[in-house]
Amino acid sequence: MTANKKENPVHSLLAGSTAGAVEGEFVNYPFDFIKTRAQFEGKREGPIAIVRDTVRTRGFTGLYSGCTALIVGNATKAGVRFLTYDHFKHMLADEKGKVSAPRSLVAGLGAGMAEAVIAVTPSETIKTKLIDDSKRAVPQYKGLVHGTTQIIKAEGISGIYRGLFPVMMRQGANSAVRFSTYSSLKAFVQGNARPGQQLPGSITFAVGAMAGLVTTYVTMPLDVIKTRMQSLGARNKYKNSFHCAYKTYTEDGLLRFWAGTTPRLMRLVLSGGITFSVYEQVMRLIGDKESHG
C-alpha cells in the first residue's frame, strides 16, 4: 500500500475483495466459530470443549456453521475497507503524499465505520444467529438463504442489523488499529531496506500478523458485546449495547469481555498476514499488467 499515490478505486476494491474471500475461507473460519460460541451468555466453554462437543454432535462440518455468510461478508467487507481506506488516506496525505500515523489511524477509523454499515453488521448478525442456532437439538435454520429469509420474516430488516453500534465501534477500532499498526511497522521495515526494494511476502505476512495481534487485545470487549447483541435471545434480554455491557460485567465479571481471545487471536493474526499479503500481491499483479499493457 503506497503512500505517495492514490490507488485506483477499482483496483483497491478488487484486491481487497480477493483478500477478504481468501482470508475468510476454510483455514480461518473454525477459529471464528469457536470464538463466537465462547462469547455467548451462559456456561463458560473452553476452545477444546467447544470443538469436542461440536464434532461429537454435528460432525466436523459443524465447525463451519455460518461459514457462507462470513465468506460473502468478508469479501464485501475487505473490498469496502481497502477502497475507503485508500480514499481517506489520499485525502489526508500531506503535500509530499505521505500519511502520518495519526492520520492513518483516522483513515482506518473511517474505513471501519463504512464497512460496518455496508457489509459487516448484516453478515455478522446472520453468522452469529446461525452459530447460536446450531447449538439447538433441532436447528431451525437450514442454511444461509433460509436463515436470512427467516430472520427478516420474523424481525424485519432490522433483524440483520442487530448490534450495529458495537459493530461500528469494533470495526472502526479494528481498522484504525490494524491499518495504523501495519502502516507504521511497514514504514519502519522499509526504512531499513534498500531504496525501491519490494518487501518479500514473508515480511508482509509478519507485519500483517503483528497488526492482527495488537488489534485483537484492543478490540476484544467490543467483539463480545457485538456477539451477545446478535444472539438469538438478544432482543428479549438486552435493551441496547450499554445494557448488554452492564449485564455482561455484573453477571459474568470483567474477564468475560475477553472470552474467546485465543481463537480470535489465532484468526486475526492469520487474517492480518493473509489479507495484507494477498492485497499487496494482487495490487502488484494489476500494476504489472497495466505497465506491460
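Colleague: Before we get to Tyr161, how are helices defined here?
Modeller: Quick one first: this is a predicted model. Helices are DSSP runs, H or I, of at least four residues. As for numbering, they are counted from the N terminus.

Colleague: Okay, so where is Tyr161 found?
Modeller: Tyr161 has a relative accessibility of 31%, so it counts as partly exposed. Look between residues 144-155, which are α6, and residues 164-191, which are α7. Tyr161 is found in the loop between α6 and α7.

Colleague: And what accessible area does the nonpolar surface patch with Tyr161 have?
Modeller: Tyr161 shares that patch with Val117, Ile118, Ile152 and Ile157. To join a patch, a residue needs over 30% relative accessible area, and Tyr161 has 31%. Together the five residues named offer about 420 Å².

Colleague: Now the rings. How many aromatic pairs turn up, and how is the pair of Phe165 and Phe242 classed?
Modeller: A search of the whole structure gives two aromatic pairs. For Phe165 and Phe242, the ring centres are 5.6 Å apart and the planes sit at 40 degrees. Stacked needs planes under 30 degrees apart and edge-to-face needs over 60, so with 40 degrees this pair is tilted.

Colleague: Which parts does that Phe165 and Phe242 pair tie together?
Modeller: The parts are 77 residues apart in sequence. Phe165 is partly exposed at 41%, while Phe242 counts as exposed at 62%. Phe165 lies in one helix and Phe242 in another, so the parts tied together belong to α7 and α10 (residues 241-252).

Colleague: Is Ser104 buried or exposed?
Modeller: Ser104 sits in helix α5. Its contacts, leaving out residues up to four places away in sequence, are Tyr85, Val99, Phe179, Ser180 and Ser183. The cut-off for buried is under 20% relative accessible area, and because Ser104 has 3%, it counts as buried.

Colleague: Which residues does Arg103 touch, skipping those up to four places away in sequence?
Modeller: Arg103 is in helix α5, residues 101-134, and counts as partly exposed at 40% relative accessibility. The C-alpha atoms of Arg103 and Ala93 are separated by 7.9 Å, with their positions 10 residues apart along the chain. With that sequence filter on, Arg103 touches Leu92, Ala93 and Asp94.

Colleague: Last one: how far apart in space are His90 and Ala107, C-alpha to C-alpha?
Modeller: His90 belongs to helix α4, residues 67-92, and is partly exposed at 42%. In sequence, His90 and Ala107 are 17 residues apart. In space, C-alpha to C-alpha, the separation is 9.0 Å.

How values were computed: Residues are numbered from 1 along each chain as its sequence is written. This is a predicted model: local features need pLDDT of at least 70, side-chain atom pairs count only at pLDDT 80 or more; totals for chains, interfaces and linings use all residues. Side-chain values use heavy atoms; hydrogens and water are left out. Patches are made of residues with over 30% relative accessible area and no salt bridge: like charges are joined within 9 Å, nonpolar side chains (Val, Leu, Ile, Met, Phe, Trp, Tyr) within 5 Å. Accessible areas come from the Shrake-Rupley method with a 1.4 Å probe; for residues, only the protein chains shown count as cover. A salt bridge is a side-chain nitrogen of Lys or Arg within 4 Å of a carboxyl oxygen of Asp or Glu. Helices (H or I, at least four residues) and strands (E, at least two) are DSSP runs, numbered from the N terminus. Buried means under 20% relative accessible area, exposed over 50%, partly exposed in between (1.4 Å probe, protein chains only). Contact means heavy atoms within 4.5 Å. Rings of Phe, Tyr and Trp (its six-membered ring) pair if their centres lie within 6.5 Å; planes under 30 degrees apart count as stacked, over 60 as edge-to-face and the rest as tilted.
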